[in-house]
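Please look at the sequence and the structure below before reading on. The paragraphs after them walk through one helix and then a set of charged side-chain pairs.

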Amino acid sequence: MKVLIDNGHGEFTPGKRSPDGEFCEWLFNREISHSIVAALNASGITAELLVPETEDIPLKERVSRVNAACALYGRQNVILISIHVNAAGNGSKWLNARGWSCYTSKGRTKADELATCICNEALKNFAGHHSRTDWSDGDADIEEDFYILKKTRCPAVLTENFFMDNREDLAYITSGEGKRAIIRTHVDGIISFLNDQQPK
């Protein structure tokens, strides 16, 4: 199985920073993504960054890279997780929205199984912190028509790892505890999903 980790946004993406300018989403996403990839590879799972560049690679190119991997390895042998940090505004002021969330494309797909495994780990690792969920279809993930989720041919999940324009959330995700919990949530969720795919 090939695990692709998409570190969302790039160095010059406008607005993707905290209101005080001290937190840049692209740097955080890359730090977390590198750690996830390293932990998965150390566990014997083949994982790599989708975007090793520092600039913001367009969504169309990201999707093309994912689908090229699907063509090479078989779509059933590839999964994608896109790492982000949420924001309620345009980065100009502190706001009240907070929490962790996980997204899939609309409709029932294999991505829902992957999302459920990650969400289950989130419930354990983020105890005491708010999670944003939508149980209307029977699972915790939120369904949206995000381009990278609906245009890729493999199971694809996008996580929003709390809010960069909420002071409490930002303090948590920039702490050692918060970073470790985010990394562990993704790594253990992915491993759980892959174990579930093994023949019984």
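What follows begins with how the model is to be read, then turns to a helix and its surroundings, and ends with salt bridges.

This is a predicted model, in which local features need pLDDT of at least 70 and side-chain atom pairs count only at pLDDT 80 or more, while totals for chains, interfaces and linings use all residues. Residues are numbered from 1 along each chain as its sequence is written, and side-chain values use heavy atoms, with hydrogens and water left out.

Helices (H or I, at least four residues) and strands (E, at least two) are DSSP runs, numbered from the N terminus. Helix H3 covers residues 110-125, and at 1.5 Å a residue its 16 residues should span 22 Å, which agrees with the 23 Å between its end C-alpha atoms; the expected span is 1.5 Å times one less than the number of residues. Among the buried residues of H3 are Ala111, Leu114, Cys117, Ile118 and Cys119, as well as the charged-type names Asp112 and Glu121, where buried means under 20% relative accessible area, exposed over 50%, and partly exposed in between (1.4 Å probe, protein chains only). The cover over these buried residues includes strand E3 (78-86), strand E4 (101-104), strand E6 (156-163) and helix H6 (176-197).

A salt bridge is a side-chain nitrogen of Lys or Arg within 4 Å of a carboxyl oxygen of Asp or Glu, and by this rule the count comes to 11 salt bridges. In one of them, the side chains of glutamate 48 and lysine 2 meet at 2.9 Å, N to O. This pair links distant parts of the chain, since glutamate 48 belongs to strand E2 (residues 46-49) and lysine 2 to strand E1 (residues 2-7), 46 residues apart. Glutamate 48 is partly exposed, with a relative accessible area of 36%, whereas lysine 2 is buried at 10%.

Arginine 65 takes part in a salt bridge with glutamate 53, their closest N and O atoms being 2.7 Å apart. Because arginine 65 lies in helix H2 (residues 59-73) and glutamate 53 in the loop between E2 and H2, the pair ties together parts that are 12 residues apart in sequence. Arginine 65 counts as partly exposed at 23% relative accessibility, and glutamate 53 is also partly exposed, at 22%.

Arginine 65 forms a salt bridge with glutamate 61 as well, with 2.9 Å between the closest N and O atoms. Both of these residues lie in helix H2, 4 residues apart, about one turn of the helix, and glutamate 61 is partly exposed at 33%. Elsewhere, Asp6, Asp56 and Arg62 are joined into one network by salt bridges that share partners.

How values were computed:
Contact = heavy atoms within 4.5 Å.
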